[in-house]
Every structure is written in structure tokens, then in C-alpha cells.
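Reader: I'm new to this and would love a close look at a single spot. Could you start with one residue, tell me how covered or open its side is, and then walk me through some of what lies elsewhere in the chain?

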Amino acid sequence: PTDIAFTTLGVGYLTSYDGDVWRIANIDGAEAEWKRFATGFNELTNIEIGDDNEIFVLDRNQITQLVDINDDGCADQYKCFSNAYIQTSHTRDFSMSMVRTKNGGFLIAKGGINTSKTEVGHRGSILRVSANGKDVEIIADGLRMPYVGQSADGQIFASDQQGHYVPSTPIFQIRQGDVYGHIPSQRKLKPSPKPYLWFPYLSNRSGAGFVAVPNDQTWNQGESLCHFSWNGRLFFIPLKTKTKFAWSYLETLGFPCLNGAINPKSKMMYVTGVGTSSYRYTTKSMWGLGEVKPSAEKAQPVFSDLSKKVTQIAFSRKLRGPVKVVSFKAWNIKLTKSYGSPHFLWNGEAGEHRISINKIRTEAGGASLLIDHSPLFSSDVICLRLEVDGELMELYFQGKGLEPMPKAYNFSKDEVVEALKRPNVKRGSAVFKAKGCVACHSLTGIKLTGPSLSGVGTRLNDAALKESILFPNKIITKGFEANMPSFRGVVSEQELSDLIFYLSSLKKK
């Protein structure tokens, strides 16, 4: 499954990568009824259903309108709505996502990773397709692998995925004429607008689609977006708040999440996705269809206000017990032609700031949390992990509105440096999994995005292993591309020591 949409009566329609469209009646009942509605498409990626229940699908070729003339639950007409945009057969150049606009047209996000030198007119852009399907205009370009979404009031957002010229996983608020940082797909070289917010790469490795969350009592979140990630997580982005932020519980749906929709009848959210890449999915399953039920039981952040020494977070309900700050970190990143970016301190050195907590208190009858902390200065990425009512939650803030660190300010080295323990294989194996190395490197000789690490300990010494982790683009193994991000500042000295010790222990399998 690649996408799902609903009619006004709550009937679901699901697209598959294999080229089928399925009609799902009674999806929220005890037993759903599935029927193949249409077939024969070339790698379907999206489906949209308008207010008038017209059905449109997007595949490698075009936007197609599906019509059931005799009302028997199967499409009788496949009508080309639009093929006015430029599409190619290259794996990373196809349209990643599509949303319906209020005027009857569409927004399309085109991939931009195609490594060929041939110019493709719509590569790496957000496109607007007119209501008659005949006209296409570029709204914004310079994106690497975008998915497009739209808020309830029509604001356009796009995710992108970390890579060359994209130092982490961003969310952009799209405006006409914007040009973003992925240089191979830019048409006009000019300063890039700053992202709406950055996600830490290890939290949201590959950003995907969006769903506008209803501003009602069922979801109790106010105006917000739900953003999906290839690693199976859901991220909620409140839109009416002083400081831009997103939040997520740490559990996953168990499969790579690409797209979704809310059933207007039951108000439940349905999420679909499939992992089709040499980049190994880290979820339990390769594909899935998930149901997300709104719950008044879970505390949901709805507002944030970030300042130099105090961070305020308002929740959808009163917190039931003490809140624990598990970690509070801040760092900067740099846009370069390399894949991803190291993490940098406020003074430009590699590393992450560990913000120390002075006091935690509540206001507004226990529904608003105030955290007094050590000074927090302008940062690209700010990540706060909390334990709320016994569950782990992460919040990600836009920190560029804070004042820069004064040159005379000396932050405590205790914030970023820890005493080293003797390296340990077990800890190193845990770092290998936690930092996502397992997604690109097998230990059994199988070729993935990166070379196999089977027997790497017999081929490389500790110094070479360290260089490969911190400066991965310095030497590229024959037959592979420079697709590994630097882990400079991302792993601590202890984690690096443990990881090298683990890798050096690997024997050939």
C-alpha cells in the first residue's frame, strides 16, 4: 500500500505499488469488505478524493480520474486528467506525492535526486496543476525528495529527506518562488529560505507525507498537521503556537509510513506505507496499513514558547504525575555539498549541547509545563525528550529565534564532554543499531546502500574506522556512492570508542 483516501461517507480507497486500487467498505467495522476497484497502473503513489467524491490517482505516467459508471464498485473509465508535467522513469525522479486543492487542481511534489546531468524541467519541485489539468506551474524548487501537504486553511508544507545539500530532515512552509538548498534541482541560485523546523536525522530519517488534523474535540489538538516518516513514526505539528515545534511519542506503527487520511465518518486516521529501497527499513514489517485512534487519555502538546532560560509547553489536558526530562539537547548544522552534516556547538566545534535543568514546575491547573534551564542560544535543532505519564515523548523546536551566543560567553564543558569508559562490544552494537548504521550496512556480506561490514575488523584498523565514521566521503568504496552522513558531533566520544571497538571485533561471515 502507498496511499489511502476516503469518500464523504467513509468508504476507503487504497492504492498499491503493484498498480491496483482497492475499495474498502466498513473499514472501521468488525470486518472490512475489500474489492479491487481498478488495476493496471505503473507504480501508484497517491490517491485523492474530492468533496464531490471524484477519484484521482497518481502513477509514473499521469494523474488519472477513475469513474464507476454503473455503480458496481469497479472503475469503468480511466480518464487522463493531466500529464502536463514532466515525468521520467528514473527511480528518484518520479512524483512523490499529490494533494487536491480547493479549486479542483492539485499540488505535486517531484523527486530531485536523479544523478544524470540531463536537465529535467520539473525535477525537485512543488508543482501546481490547474483545475482543468492542462496547465502546470512551479511554485518552489531546490528540493531533494519532497512530499507535499496542505493545512486545513490551505497553507502548503513540504518535507524533504537528508542528503547532499540537505543537512538534516526539514519541514518547509512553501511560498511562491521559494528556492531551497538542494543545488542539483535548483533553477535559480539564490539564498534558501530557512525551514519551518528541522528534525534530527535519527528521529525522522526520511520525511514523507502529511494529513491535516481536524480542529475538533475528537482530536483535541487545535489546528495541526500530522507528518509521517519512513521509520514508522508520526509527528504532530501544531500550527497556532508562539514557537514552531513538533512532537511525537516514540512508538512506531511498525512499517514505513508514507501517506494517510482521516476517515470523515469515524474521525480515525489511517496510515499506509511500503519500504522499497536498498536502504533497509528499520521497522518490523516492510509494508502495512495502520489505524490511529484519537485518545483523550494521552497528553498532547498544543503550544510552546521557547526562551533563553525557560521553555513552556501547554498540553491538551492536566498532567497526571511528575514529568521527567530525559534529555535536552541543542546543536547546529551546515549546508554543504556533502551528505548530511556533522553536529556543531555554538562556538563552531563538533558536538551537541546538553542543556541542564534547574527546575520543573506546572501552571494552568497542571496542564502547562515550565522548564527552567541553563542558557539556550540560537540553534538549528533543539530536541527535548520527556517522560509524561509514564510514556516517552520527543519535542523538536525551531531555535533560530533565540539570540546568538555572545562571543564572551563560556559554556560549561560538562555540557558536552563525558569521562570515557573502557570500550565495550555490547554498547558498540547498541550504537550501531541506534544510529541507523544497520539500515545501510549489512553484517553478512549482503550489499545494501553501503558496503557490507562483514569482516571489517580484519580489513581496517581503528584509525581507518574512525575516519570512515567521522569523514565518510574522504574515501569511497568502489561501486558505492558518497551517501553516508558524517557522524562528527552526532556520536559522543564514548559512543565512537564503543562503536569502533565493536566494528574491530567483526569477523568475516
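**A partly exposed threonine, and beyond**

Author: Let's begin with Thr362, which counts as partly exposed because its relative accessibility is 47%; buried means under 20% relative accessible area, exposed over 50% and partly exposed in between, with a 1.4 Å probe and protein chains only. The model is predicted, so local features need pLDDT of at least 70 and side-chain atom pairs count only at pLDDT 80 or more, while totals for chains, interfaces and linings use all residues. Residues are numbered from 1 along each chain as its sequence is written, and side-chain values use heavy atoms, leaving out hydrogens and water.

You will find Thr362 in strand 28, which covers residues 357-363 (helices, H or I of at least four residues, and strands, E of at least two, are DSSP runs numbered from the N terminus). Which residues does Thr362 contact, leaving aside its neighbours within four places in sequence? They are Ser368 and Leu369, where contact means heavy atoms within 4.5 Å. As for Gln300, it is 62 residues from Thr362 in sequence, and the two C-alpha atoms are 15 Å apart in space.

For a contrast in cover, try His182, which is buried, with a relative accessible area of 4%. This histidine sits in a loop, between strand 15 (169-174) and strand 16 (197-199). Not counting residues up to four places away in sequence, His182 touches Gly112, Ile113, Gly142, Leu143, Arg144, His164, Tyr165 and Val166.

Now for strands that pair up; two strands pair if DSSP finds at least two bridges between them. At the start of the chain, 4 strands form an open sheet, in the order 1-2-3-4 and with antiparallel pairing. Strand 1 (3-6) and strand 4 (33-38) stand at its edges with a single partner strand each, so one side of each has no neighbour in the sheet. Look next at strand 2 (residues 12-15) and strand 3 (residues 21-25), which run antiparallel and are joined by 4 bridges. If you follow Leu14 across to strand 3, you meet its bridge partner, Trp22.

Move along to strand 5 (residues 46-49). Which way do its residues point? Asn46 and Glu48 point one way, Ile47 and Ile49 point the other way, and all are buried. Strand 5 pairs with strand 6 (residues 55-58) in the antiparallel sense, over 4 bridges. In that pairing, Ile49 stands opposite Ile55 of strand 6. The two strands form a hairpin with 5 residues between them, and Asn53 in the turn has a positive phi of about 65°.

One more hairpin is worth a visit. Strand 9 (residues 95-100) is mostly covered, as 6 of its 6 residues are buried. Its antiparallel partner is strand 10 (residues 106-110), and 5 bridges join the two. How about a single rung of that ladder: which residue in strand 10 is the bridge partner of Ser97? That partner is Ala109. Between strand 9 and strand 10 the hairpin has 5 residues, and there Gly104 takes a positive phi near 95°.

To return to where we began, keep the two single residues in mind as you turn the model: Thr362 is partly exposed at 47%, whereas His182 is buried at 4%. Thr362 has its place in a strand, while His182 lies in a loop.
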